[in-house]
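This report walks through the fold, the buried parts and the charged pairs of one protein chain. Please keep the sequence and the model side by side while reading.

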Amino acid sequence: SITQSAVISSLERVVSCLELRDPHTKGHSDRVKDLAVAMARRTLRNFAILPVLALSARLHDIGKTRISGDILKRPGPLTDKEWAEVRRHPLVGADMLSSVLCLDAVVEGVRHHHERYDGKGYPHGLAGRDIPLVARIIAVADSYDAMTSDRPYRRALRPLEAAGDQFDPDWAEALFHIIVNSQAS
């Protein structure tokens with residue numbers, strides 16, 4: 001609907017403002033969206049999920065708009081209290097979106113994008129296939145982009161150094177093929 005389109009446009013502007021606030025994440029949401037969609041196109045037979053995946057990936061960090069800029073830009077390690085605030089952003093983002101969007105799959109992608117396949121993620125400690133598909137894809141794309149980008153507290157890793165057992169193996173493999181193919185071209 002027109003109203004839903006206007007809401008989505010407004011939310012995307014909020015994400016753009018977040019990225020202006022934190023220059024280290026400039027373009028992060030677009031890169032995560034592009035990578036997540038590329039992984040899904042490579043792996044899935046049915047592309048019906050792509051619009052939901054793209055929107056959820058684009059909005060995945062919207063909850064960070066409620067985190068202090070001082071914490072987001074901190075060059076050193078965070079205190080336990082600051083880390084707890086950062087870890088709230090998936091729930092905050094999901095709450096923000098659920099109040100204005102009628103797309104549960106988008107909200108679930110945002111809520112669970114920091115869950116880990118091994119069950120050691122947050123906010124709910126979901127594991128394996130209990131993590132919604134959209135969130136599993138975003139988790140791989142988000143982590144990869146974060147690890148391969150310079151941050152105030154560390155230098156970027158080389159693309160093939162960014163791996164781990166916290167990811168759904170199917171989506172980690174899709175990412176690996178995309179990385180290898182992009183380095184070969």
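## Overall fold

Followed along its sequence, the protein chain shows the pattern α-α-α-α-α-α-α-α-α. It contains nine helices and zero strands, and it should be kept in mind throughout that the model is predicted.

Of the 185 residues in the protein chain, 42% count as buried, and the accessible surface comes to about 9,700 Å², with 54% of that surface belonging to carbon and sulfur atoms. When contacts between residues at least 6 apart in sequence are considered, 64% of them join residues at least 24 apart.

## The nonpolar cores

The largest nonpolar core has 23 residues, and those that touch the most other members are Leu35, Met39, Leu53 and Leu175. Two or more residues of this core come from each of helix H2 (28-43), helix H3 (50-59), helix H8 (133-147) and helix H9 (169-184), with H8 giving the most, namely seven residues. A second core, separate from this one, has 14 residues and includes Leu59, Val92, Leu101 and Val106.

Which residues does leucine 175 contact, leaving aside its neighbours within four places in sequence? Leucine 175 is in contact with Leu35, Met39, Val140 and Tyr144, and Leu35 and Met39 are also listed with Leu175 among the residues that touch the most other members of the largest core.

## Two mostly buried helices

Helix H3 is mostly covered, since seven of its ten residues are buried. The buried residues of H3 are Leu50, Leu53, Leu55, Ser56, Ala57, Arg58 and Leu59, a list that includes serine and arginine as well as leucine and alanine.

Helix H6, which spans residues 89-98, is largely enclosed by the rest of the structure, because seven of its ten residues are buried. Those buried residues are His89, Pro90, Val92, Gly93, Ala94, Met96 and Leu97, and Val92 is also one of the residues in the second nonpolar core.

## Surroundings of serine 29 and valine 7

Serine 29 is found in helix H2, and with a relative accessible area of 2% it is buried. Not counting residues up to four places away in sequence, serine 29 touches Val15, Glu19, Ala57, Arg58 and His60; of these, Ala57 and Arg58 are among the buried residues of H3.

Valine 7 lies in helix H1, which covers residues 2-21, and its relative accessible area of 22% makes it partly exposed, because a residue counts as buried under 20%. Once its neighbours within four places in sequence are left aside, valine 7 is in contact with Val100 and Leu101, and Leu101 is included in the second nonpolar core. The C-alpha atoms of valine 7 and leucine 97 are separated by 9.7 Å, although the two residues are 90 residues apart along the chain.

## Salt bridges

The count for the model comes to eight salt bridges, and three of them are described here, including one between aspartate 61 and lysine 64, whose closest N and O atoms are 3.7 Å apart. Both partners of this pair are buried: aspartate 61 has a relative accessible area of 5%, and lysine 64 has one of 16%. Glutamate 108 forms a salt bridge with arginine 111, with the closest N and O atoms 2.3 Å apart, and both residues lie in helix H7 (residues 104-111), three residues apart, which is about one turn of the helix. Within this pair, glutamate 108 counts as partly exposed at 27% relative accessibility, whereas arginine 111 counts as buried at 17%.

Where do aspartate 170 and arginine 129 lie? The side chains of aspartate 170 and arginine 129 meet in a salt bridge at 3.0 Å, N to O. Aspartate 170 lies in helix H9 and arginine 129 in the loop between H7 and H8, so the pair ties together parts that are 41 residues apart in sequence. Aspartate 170 is partly exposed, with a relative accessible area of 37%, and arginine 129 is exposed, with a relative accessible area of 54%.

Key. Residues numbered from 1 in each chain as written. Predicted model: local features only at pLDDT ≥ 70, side-chain atom pairs only at ≥ 80, totals over all residues. Heavy atoms only, no water. Helix = DSSP H or I, 4+ residues; strand = E, 2+ residues; numbered from the N terminus. Buried < 20%, exposed > 50% of the residue type's maximum accessible area, 1.4 Å probe, protein only. Contact = heavy atoms within 4.5 Å. Areas by Shrake-Rupley, 256 points an atom, 1.4 Å probe, with all protein chains shown as cover. Core = buried A, V, L, I, M, F, W, Y, C linked by side-chain atoms within 4.5 Å. Salt bridge = Lys/Arg side-chain N within 4 Å of Asp/Glu carboxyl O.
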